[in-house]
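The following report describes one protein structure for a reader who will want to check each value against the coordinates. It moves from a pocket to individual residues and then to the chain as a whole.

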Amino acid sequence: YRDDDDINDVASMAGVNLNEESARIMATNSDLVGTQIQSCKDEPFLAAIPLHKRILETAKKLGITDVPAEVVTFISHATQNRLRTVIEKVTVITQHRMESYKDDEWYEQATDVRSQLKFFEQLERLEKQRKDEQEREILLKAAKSRSRQEDPEQARLKQKAKEMQQQELAQMRQRDANLTALAAIGPRKKRKLDSPGLLAIGGEGLAVSGGGQAGVGTPSSRQYARQKITRVNLRDFIFYMEQERETSHSLLLYRALLK
């Protein structure tokens, strides 16, 4: 039997001494021998007591009277994971919505709605100015008329022309007063962007008083870039619910569409 033991002893055939290896391992990891390794404390995402009450209320309807604490912790972690998934997907949808293709060489602008709206606004402004000029001419003619027998409509036009002249005179006085005040103040001096009392943050100037604070408002001050904020609106959530199989025909989606 001794020969069979020698044949089956693979460690001896490979030239490995198990006693020496065990002693070497114990010498290397002597500080870890006998220690107990524990994981971090499992903190639930939701409040345990209100969540447990809510689960018990739902479980009693199904004939379940006892719900262990492990179930509450599991549901809390599942809620956290679900909420993280929803936020990640909605964030991607919002970023796609806010993405601009103006500078992309693969896209060509077909229509410019903003310029069209500005053009229509300018037309409306010109039309309103033309109507105001016509009304002003009619009022001035009525004010200059010297007819002895005046009907009530003529008297009303004269009164309106008088009020219009008074309003124009008040506007001219206000404009003259503003010009006089600006002339007394003098020309405004523009601030230099590279002045020591100015700190640029995110492409905008933030004025800092040049007091005795060290390291604030100096050219060697660090310039912090403004953090990009992704703003999610209700339309992004509606688009997300329309794409998901679980919420595409849910009552929550219909309520969101009615808002």
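In this predicted model, the largest pocket holds about 220 Å³ of space. Its lining consists of Y101, K102, Y107, E108, Q109, T111, D112, V113 and R114. When the residues of this lining are divided by character, three are nonpolar, two are polar and four are charged.

The aromatic side chains offer a second topic. The count of aromatic pairs comes to one, and this pair is formed by F119 and F120, whose ring centres lie 6.0 Å from each other, with an angle of 55° between the planes, so that the pair is classed as tilted, given that planes under 30 degrees apart would count as stacked and those over 60 as edge-to-face. F119 is partly exposed, with a relative accessible area of 46%, and F120, at 46% relative accessibility, likewise counts as partly exposed.

Helix α5 spans residues 69-98 and contains T94. Is T94 buried or exposed? With a relative accessible area of 0%, T94 is buried, because the limit for that class is under 20%. A polar atom of the T94 side chain lies 2.9 Å from the backbone oxygen of V90. Leaving aside residues up to four places away in sequence, T94 touches T230, R231, V232 and D236. One of these contacts, D236, belongs to helix α8 (residues 234-243), where D236, I238, Y240 and M241 are buried. The cover over the buried residues of α8 includes α5 and also α9 (251-258), which fits with the contact between T94 and D236.

Elsewhere in the chain, L51 lies in helix α4 and is buried, with a relative accessible area of 14%. Not counting residues up to four places away in sequence, L51 touches L46, V72, I75 and S76. P44, by contrast, is located in the loop that runs between α3 (18-28) and α4 (48-61), and its relative accessible area of 40% makes P44 partly exposed, since that class lies between 20% and 50%. Two C-alpha separations, one from P44 and one from L51, are set out below.

| Residue pair | Separation along the chain | C-alpha to C-alpha distance |
|---|---|---|
| P44 and I75 | 31 residues | 9.1 Å |
| L51 and T73 | 22 residues | 9.4 Å |

I75 thus appears both as the partner of P44 in the table and among the residues that L51 touches.

It remains to place these details within the whole chain. The protein chain has nine helices and two strands, and, read along the sequence, these elements follow the pattern α-α-α-α-α-α-α-β-β-α-α. How much of the protein chain is made up of buried residues? Of the 259 residues in the protein chain, 12% are buried, and T94 and L51 are both classed as buried. Where contacts join residues at least 6 apart in sequence, 41% of them link residues at least 24 apart.

Key. Residues numbered from 1 in each chain as written. Predicted model: local features only at pLDDT ≥ 70, side-chain atom pairs only at ≥ 80, totals over all residues. Heavy atoms only, no water. Helix = DSSP H or I, 4+ residues; strand = E, 2+ residues; numbered from the N terminus. Buried < 20%, exposed > 50% of the residue type's maximum accessible area, 1.4 Å probe, protein only. Phe/Tyr/Trp six-rings, centres within 6.5 Å; stacked < 30°, edge-to-face > 60°. Polar contact = N/O pair within 3.5 Å; in protein donor to acceptor, adjacent residues only side chain to side chain. Contact = heavy atoms within 4.5 Å. 1 Å grid on protein atoms, 1.4 Å probe; cavity = no way out; pocket = protein on both sides within 12 Å on 5 of 7 lines; lining within 4 Å. Points joined across faces, edges and corners; volume = space filled by probe spheres on them. Nonpolar A, V, L, I, M, F, W, Y, C, P; charged D, E, K, R; others polar.
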